[in-house]
Amino acid sequence: MSIGEMLAATVPMVRTLNLEYLETTPERAVLSLPDQGEFHNHIGGPHAGAMFTLAESASGAIVLAAFGDQLSRAVPLAVSAEIAYKKVALGPVRATAVLGRPAADVVAELDAGKRPEFPVTVAITREDGAVTGEMTVVWTLRPNG
């Protein structure tokens, strides 16, 4: 089972919004939010909350792809999130997430007994490639026990 399939099966908001996992690797995660009238805002594009969920879901997917091998000793948790809406989004939108620090550096901190924090940056784009939003989610790996 892929990370996208696992998240679709276990995270209700993923199913509610019909998010599609296009790519999920330790280097980047790409998700799509289809154009769905029931999630439109007052100007006919995707609601800000739907775009937030899309971007946060992309950040979570890359965290699992990059640190899934650490789940026996740490739990990934979102610490904070900041989003900026840059342009009007109409139609389907896509979120592309990348780690803001090398995964090896994060794991080294965990190995040293620390609770590492690391940013994941996400670009939300329209079909024409225009960036409609940018999000940064700060994640941590909280050691078990």
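The following paragraphs lead from the overall fold of this protein chain to a few of its individual residues. The model is a predicted one.

The secondary structure of the protein chain consists of four helices and six strands. Read from the N terminus, the elements follow the order α-α-β-β-α-β-β-α-β-β. Two helices thus open the order, and two strands close it.

The overall dimensions come next. Along the principal axes, the C-alpha atoms occupy a box of roughly 50 × 30 × 20 Å. The radius of gyration of the protein chain is 15 Å, which agrees with the value near 15 Å that a compact globule of 145 residues would have. Of these 145 residues, 38% are buried. The surface that the protein chain exposes amounts to about 7,200 Å², and carbon and sulfur atoms supply 54% of this area.

Contacts show how the sequence is brought together in space. When contacts between residues at least 6 apart in sequence are considered, 68% of them join residues at least 24 apart. Ser59 offers an example of a residue with several contacts. This serine is placed in helix α3, which spans residues 48-67. Is Ser59 buried or exposed? Its relative accessible area is 0%, so Ser59 counts as buried. Leaving aside residues up to four places away in sequence, Ser59 touches Ala97, Val120, Val122, Val137 and Trp139. Of these, Ala97 falls within strand β4 (93-99), and Val137 and Trp139 fall within strand β6 (residues 131-143).

Charged residues form a further part of the picture. The protein chain carries 11 positive and 16 negative charges, and the mean positions of the two sets are 5 Å apart. Across the whole structure, a search finds five salt bridges, and three of the pairs are described here.

One salt bridge pairs Lys86 with Glu134, with 3.7 Å between the closest N and O atoms. Which parts of the protein chain does this pair tie together? Lys86 belongs to the loop between β3 (74-85) and β4 (93-99), whereas Glu134 belongs to strand β6, so the salt bridge ties together parts that are 48 residues apart in sequence. Lys86 is partly exposed, because its relative accessibility is 49%. Glu134 is likewise partly exposed, with a relative accessible area of 40%.

Another salt bridge links Glu109 and Arg101, whose closest N and O atoms are 2.7 Å apart. Glu109 has a relative accessibility of 23% and therefore counts as partly exposed. Arg101, with a relative accessible area of 22%, is partly exposed as well.

In a further pair, the side chains of Arg126 and Asp128 form a salt bridge with an N to O distance of 3.0 Å. Arg126 counts as partly exposed at 23% relative accessibility, whereas Asp128 counts as exposed at 57%.

The last residue to consider is notable for its backbone. Asn18 has a phi angle near 60 degrees, a positive value in a residue other than glycine. Where does Asn18 lie? Its place is the loop between α2 (12-17) and β1 (20-24). With a relative accessibility of 39%, Asn18 counts as partly exposed.

Key
Residues are numbered from 1 along each chain as its sequence is written. This is a predicted model: local features need pLDDT of at least 70, side-chain atom pairs count only at pLDDT 80 or more; totals for chains, interfaces and linings use all residues. Side-chain values use heavy atoms; hydrogens and water are left out. The radius of gyration is taken over C-alpha atoms; the globule rule is 2.2 Å times the number of residues to the power 0.38. Buried means under 20% relative accessible area, exposed over 50%, partly exposed in between (1.4 Å probe, protein chains only). Contact means heavy atoms within 4.5 Å. Accessible areas come from the Shrake-Rupley method with a 1.4 Å probe; for residues, only the protein chains shown count as cover. Lys and Arg count as positive and Asp and Glu as negative; His and the chain ends are not counted. The place of a charge is taken as NZ of Lys, CZ of Arg, CG of Asp or CD of Glu. A salt bridge is a side-chain nitrogen of Lys or Arg within 4 Å of a carboxyl oxygen of Asp or Glu.
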